[in-house]
Amino acid sequence: MLNKYLTLLLFSTTLGNAAPKPHTQCRCIYGDPCWPTEAEFSSLSNLLSQPLLHPLPTAYPCYSSSSSTPAGNCSEVQALYTDGNFRADNPGSMQNANFETYLFPNGTIDACYLNATLNIPCKQGSIPPIGVDIRKAEDAQAAVKFANEKNLRLVIKNTGHDYLGRSAGRGGFLHWTHHLKDKVFHASFVPQGAPSNQTYEGEH
Amino acid sequence: MHPLFLKGRHRIRRTRVSIEPISVDLINAHILVPAVTFGAGIQWYEAYDYIDGQGRFVVGGLSQGGSVGSAGGWVMGGGHSAFSPSLGLGKILPSRRNPNN
């Protein structure tokens, strides 16, 4: 609350009484009428090497009626809740649980708590409801093009370490780079486009 | 687009009135050093295993379980490592390049 007040104060001081400039076009968020249809996602899926992702918050399996879900099972989640690699492996997990949550302007929290006995339903929070498991350049091209055409909130997650929460985004469209795992060793590396008449002796 | 290299670690240059910070040079030349190229999803635990398997040592990032991605912000932020005082800054290229050109 204090932060909000200070921000407002700063804003007023900086801009005086000038009204903030409205966005010309807000992003299309999940739940909006503009959100792509099943058929549109399906035609995107035809361009991809992997099925579309439906990311779920880390603690989701603790709320599921079945013992096994794509995100794992509850005892596994409880055991590995703070494990960085476990979180990196789940497209719906952030490294810091606070970024999985969403705070409405009225102060209501949208979250999926590890403690399911609180009797609070598991909510999607800031986890994008759909995403692309990018495995090659064509996947990324199709996904970015789709996001652009549909004016979606494009969210890139790799391991989910971003400390500003940018690996998540409520109602967004997740691009998961986690499985871009190619690696090559070059004994003598030459950058693309480098002229052959110049050399720089680096350290070996 | 030129590849970004961090060249040298003792480039503090004296001027008449001030000391300039370490410079980051854009080198457009052959670099005759071993290097690795990684996809965006490679994490440090995989990077260290792979480079160790090549019989090399790399100045890289540190996190529990090595879960942080290695082809991203760490190197673009300068590549500051616990080993930097003795071995310099991280020198992995921040983007993929064609090794055969």
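Helix α1 of chain B is followed by G55(B), a residue with a positive phi, near 75°. The model is a predicted one, and this helix is a suitable place to enter it, for among the elements of chain B helix α1 (residues 44–53) has the highest mean pLDDT, 93. Its buried residues are W44(B), A47(B) and I51(B). Seen down the axis of α1(B), these buried residues fall within an arc of 55°, and they therefore line one face of the helix. On the other side of α1(B) lie the exposed residues D49(B), D52(B) and G53(B). The cover over the buried residues of α1(B) includes strand β2 (35–38) of chain B.

A second buried position in chain B is G90(B), which is found in the segment after α3 (84–87). G90(B) counts as buried because 22 other C-beta atoms lie within 10 Å, the threshold being 20 or more. Leaving aside residues up to four places away in sequence, G90(B) touches V59(B), G60(B), W74(B), V75(B), G79(B) and S81(B). G90(B) and W44(B) are 46 residues apart along the chain, and their C-alpha atoms are separated by 13 Å.

Other parts of chain B call for caution. The mean pLDDT of the chain is 67, and 56% of its residues reach 70 or more. Strand β1 (residues 30–31) of chain B has the lowest mean pLDDT among the elements of that chain, at 52. Over residues 1–29 of chain B the pLDDT is below 50, and this stretch has 33 contacts in the model beyond near neighbours in sequence. Residues 93–101 of chain B also stay under 50, with 18 contacts beyond four places in sequence. Where pLDDT is low, the predicted coordinates should not be read in detail. For the complex, the predictor gives an ipTM of 0.78 and a pTM of 0.76.

Chain A contains five helices and seven strands. From the N terminus on, its elements follow the order α-α-α-α-β-β-β-α-β-β-β-β. Of its 204 residues, 30% count as buried. Among contacts in chain A with a separation of 6 or more, residues 24 or more positions apart account for 62%.

Helix α5 of chain A comprises the 13 residues 137–149. At 1.5 Å a residue, α5(A) should span 18 Å, and its end C-alpha atoms are 18 Å apart, which agrees. Its buried residues are D139(A), A143(A), F146(A) and A147(A). Down the axis of α5(A), the buried residues fall within an arc of 100°, so they line one face of the helix. The face turned away from this buried side carries the exposed residues A137(A), E138(A), Q141(A), K145(A), N148(A) and E149(A). After α5(A) comes N151(A), whose phi is positive, near 60°.

What covers the buried residues of α5(A) includes helix α2 (38–45) and the strands β3 (130–133), β4 (154–157) and β5 (173–176) of chain A. Two of these strands, β4(A) and β5(A), pair in the parallel sense over four bridges. Within this pairing, L154(A) stands opposite F173(A) in β5(A). In a regular strand the side chains alternate between the two faces of the sheet. Strand β4(A) shows such alternation: V155(A) and K157(A) point to one face and are buried, whereas L154(A) and I156(A) point to the other and are not.

Technical notes: Residues numbered from 1 in each chain as written. Chains lettered and ligands numbered in written order. Predicted model: local features only at pLDDT ≥ 70, side-chain atom pairs only at ≥ 80, totals over all residues. Helix = DSSP H or I, 4+ residues; strand = E, 2+ residues; numbered from the N terminus. Expected span 1.5 Å × (residues − 1). Buried ≥ 20, exposed ≤ 12 C-beta atoms within 10 Å, placed from the backbone. Arc of directions from axis to C-beta. Contact = placed C-beta atoms within 7 Å. pLDDT = per-residue confidence, 0-100. Pairing = 2+ DSSP bridges.
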